[in-house]
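Student: I should like to examine this model by questions and answers. Please keep each answer to its reasoning and the final value or name.

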Amino acid sequence: MAYRTDDIFSFSAFDPAKLTESFREFAEKGATQSRDAYAKMKVAAEEATKTVETTLQSAQAGSVELGLKAIDALRTNADMSLSHMEALLGVKSVSELLELQTAFIRKQAEVTVEQAKAMQDAARKLAEDVAKPGKEAAEKAMATFKVA
């Protein structure tokens, strides 16, 4: 059986219209996918920007609150110390001095514990408020991965 070599090199089976159509479909599909990807990236970037803005606003508000608590604690401590110094100026005996000093130290310890609790609560709330937008954004992103 003889092989026909003229069919191997023949371009009669090649249709340029089909190639052009295939290339056009490929290009249109690529452009559509690129537009979709761009739209998704744009939405993700906008959401990330909102998350960062919310986080920064929370951090700023929480920092102000912590600063005000610290100032209040300093003011309270200074007032207590001045009042104690005034009381010490009126001392008439060593036993009165020891009594005043013991009461001052006890009161100072109680106030310090209260101030530490207030600062700890404010810091915890600040940490939660700062982490909340990022946590919500991460949960939303994970949900989109599960759906897709």
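Student: In which helix does leucine 68 lie?
Tutor: Helices are DSSP runs of H or I with at least four residues, strands are runs of E with at least two, and both are numbered from the N terminus. Residues 16-89 form one such helix, and leucine 68 belongs to it: helix α1.

Student: Is leucine 68 buried or exposed?
Tutor: This is a predicted model, in which local features need pLDDT of at least 70 and side-chain atom pairs count only at pLDDT 80 or more, while totals for chains, interfaces and linings use all residues. Residues are numbered from 1 along each chain as its sequence is written, and side-chain values use heavy atoms, with hydrogens and water left out. A residue is buried under 20% relative accessible area, exposed over 50%, and partly exposed in between, with a 1.4 Å probe and protein chains only. Because its relative accessibility is 54%, leucine 68 counts as exposed.

Student: Which residues form a nonpolar patch on the surface with Leu68?
Tutor: A patch takes residues with over 30% relative accessible area and no salt bridge, joining like charges within 9 Å and nonpolar side chains (Val, Leu, Ile, Met, Phe, Trp, Tyr) within 5 Å. Together the three members expose about 280 Å² of accessible area, by the Shrake-Rupley method with a 1.4 Å probe, where only the protein chains shown count as cover for residues. The partners of Leu68 are Val64 and Ile71.

Student: How many salt bridges does the structure hold?
Tutor: The criterion is a side-chain nitrogen of Lys or Arg within 4 Å of a carboxyl oxygen of Asp or Glu. By that criterion, the number of salt bridges is 4.

Student: With which residue does glutamate 47 form a salt bridge?
Tutor: The closest N and O atoms of the pair are 2.9 Å apart. The bridge links distant parts of the chain, 93 residues apart, with glutamate 47 in helix α1 and its partner in helix α2 (residues 94-147). Glutamate 47 is partly exposed because its relative accessible area is 34%, and the partner is likewise partly exposed at 46%. That partner is lysine 140.

Student: What separates arginine 124 and glutamate 128 in helix α2?
Tutor: Their side chains meet in a salt bridge, 3.3 Å from N to O. Arginine 124 is partly exposed at 45%, and glutamate 128 is partly exposed at 46%. Because they are 4 residues apart in helix α2, their separation is about one helical turn.

Student: Which residue forms a salt bridge with aspartate 129?
Tutor: The closest N and O atoms are 2.9 Å apart. The two residues lie 4 residues apart in helix α2, and so about one helical turn separates them. Aspartate 129 is partly exposed at 29%, and its partner is partly exposed at 40%. The partner is lysine 125.

Student: Which residues are in contact with threonine 51, leaving aside its neighbours within four places in sequence?
Tutor: Threonine 51 is placed in helix α1 and is buried, because its relative accessible area is 17%. Contact means heavy atoms within 4.5 Å. On that basis, its contacts are Pro133, Gly134 and Ala137.

Student: How far apart in space are proline 133 and threonine 55, C-alpha to C-alpha?
Tutor: Proline 133 lies in helix α2 and counts as buried because its relative accessibility is 9%. Leaving aside neighbours within four places in sequence, it is in contact with Thr51, Thr54 and Thr55. Proline 133 and threonine 55 are 78 residues apart in sequence, yet their C-alpha separation is 6.1 Å.

Student: What distance separates the C-alpha atoms of glutamine 120 and leucine 66?
Tutor: Glutamine 120 is found in helix α2 and, at 57% relative accessibility, counts as exposed. Leucine 66 is 54 residues away along the chain, and the C-alpha distance is 9.4 Å.

Student: What share of the contacts with a separation of 6 or more comes from residues 24 or more positions apart?
Tutor: The protein has 2 helices and 0 strands. Of its 148 residues, 10% count as buried. Among contacts with a separation of 6 or more, the share from residues 24 or more positions apart is 76%.
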